[in-house]
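Subject: Handing over the model

Hello,

Here is the model I promised to pass on to you. Please open it alongside this message, and the notes below should be easy to follow.

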Amino acid sequence: VRAGNKALFTEGQELIKSIELAAEGLDIAPELSMSKAISLSHDSLLTEQHARVAITGFKTKLQNRVEKLRKDKIEDDELILKISPLIDEISHAFSLLGTALLNQNKIPKALKAYSQSLEYQMGSSSGVNQGQTLHQLG
């Protein structure tokens, strides 16, 4: 708990649970997994587990979205704009995974996750994210 405020942490956990219950039937599993991974960053094993679930979920969403956009005959430039938020989420999830692995002293696996994060980075926040990821890589 970075902020040192356990009440705030508990409140965040309860919020995630209530969102999960309210989202019944909605396809937000990757987003919930990312939220869980972030909120559990003090526990690198659980963070790793939820980051991996988020990565898989976001990749599936990306594949489905690309297939749909291709069927709709969307031009490549527009397609990139429509899928870039998902690509950014995959990048963030890999970065979170890298940090969880680094905290477990699994250096080669952490480096691989950070490298994968760099491969997926794009969009307006890519400069900041690249800097942070390269810093973690050393």
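Below is what was found, going from the overall fold to the helix packing, the core and a few single residues.

Please keep in mind that this is a predicted model.

**Overall fold**

The protein has 6 helices and 0 strands, so by the DSSP-run criterion for helices and strands the pattern along the sequence is α-α-α-α-α-α. Of its 138 residues, 35% are buried. If you take the contacts between residues at least 6 apart in sequence, 53% of them join residues at least 24 apart.

**How the helices pack**

Helix α4 turns up in each of the three packings described here, so let me go through its partners one by one.

Start with α3: its axis and that of α4 are 8 Å apart, and the packing angle is about 165 degrees. That angle makes the two helices roughly antiparallel, the cut-off for this being over 145 degrees. The crossing of α3 past α4 is left-handed.

Next comes α5. Here too the packing angle with α4 is about 165 degrees and the axes are 8 Å apart, and α4 and α5 are therefore roughly antiparallel to each other. Their crossing is left-handed. On the α4 side, the residues that meet α5 are I87, I90, S91, F94, S95, L97, G98, T99, L101 and L102. On the α5 side, they are I107, K109, A110, A113, Y114, Q116, S117 and Y120.

What about α2 and α4: are they roughly parallel or roughly antiparallel? Their axes come within 11 Å and cross at roughly 30 degrees. The cut-off for roughly parallel is under 35 degrees, and α2 and α4 are therefore roughly parallel to each other. This crossing is left-handed. The contact involves M34, A37 and I38 from α2, together with E89, H92, A93 and L96 from α4.

**The nonpolar core**

In soluble globular proteins, nonpolar side chains tend to be buried together. In this model, the largest nonpolar core has 22 residues, and the members that touch the most others are M34, F58, L62, I83 and L97. At least two core residues come from each of α2 (29-39), α3 (44-71), α4 (76-103) and α5 (107-120). Which helix gives the largest share? It is α4, with 10 residues.

F58 is a good residue to click on first. Leaving aside residues up to four places away in sequence, F58 touches P30, E31, M34, L86, E89 and I90. One of these, M34, is also on the list of core members that touch the most others, and M34 takes part in the contact between α2 and α4 as well.

**One aromatic pair**

The count of aromatic pairs comes to 1. The partners are F94 and Y120, which are stacked, with 5.8 Å from centre to centre and 20 degrees between the planes. Because F94 lies in helix α4 and Y120 in helix α5, the pair ties together parts that are 26 residues apart in sequence. Are the two rings' residues buried or exposed? F94 is buried, at 4% relative accessible area, whereas Y120 is partly exposed, at 23%. Both residues also appear in the contact between α4 and α5.

**Loop residues with positive phi**

Two residues may catch your eye in a Ramachandran plot. K73 is not a glycine, yet has a positive phi of about 60 degrees. K73 sits in the loop between α3 and α4 and counts as exposed, with 69% relative accessibility. N105, again a residue other than glycine, has a positive phi near 65 degrees. N105 is placed in the loop between α4 and α5, and its 61% relative accessibility makes N105 exposed too.

**A last pair to look at**

T60 belongs to helix α3 and is partly exposed, with a relative accessible area of 41%. Along the chain, T60 and L86 are 26 residues apart, and their C-alpha atoms are separated by 10.0 Å.

Happy browsing, and best wishes!

Definitions and conventions. Residues are numbered from 1 along each chain as its sequence is written. This is a predicted model: local features need pLDDT of at least 70, side-chain atom pairs count only at pLDDT 80 or more; totals for chains, interfaces and linings use all residues. Side-chain values use heavy atoms; hydrogens and water are left out. A nonpolar core is a set of buried Ala, Val, Leu, Ile, Met, Phe, Trp, Tyr and Cys residues joined through side-chain atoms within 4.5 Å. Buried means under 20% relative accessible area, exposed over 50%, partly exposed in between (1.4 Å probe, protein chains only). Helices (H or I, at least four residues) and strands (E, at least two) are DSSP runs, numbered from the N terminus. Contact means heavy atoms within 4.5 Å. Rings of Phe, Tyr and Trp (its six-membered ring) pair if their centres lie within 6.5 Å; planes under 30 degrees apart count as stacked, over 60 as edge-to-face and the rest as tilted. Axes are lines fitted to C-alpha atoms, for helices over the stretch in contact, and angles run from 0 to 180 degrees between N-to-C directions. Angles under 35 degrees count as roughly parallel, over 145 as roughly antiparallel, 65 to 115 as roughly perpendicular and the rest as oblique. A crossing is left-handed if the near helix is turned anticlockwise from the far one by less than a right angle, and right-handed if clockwise.
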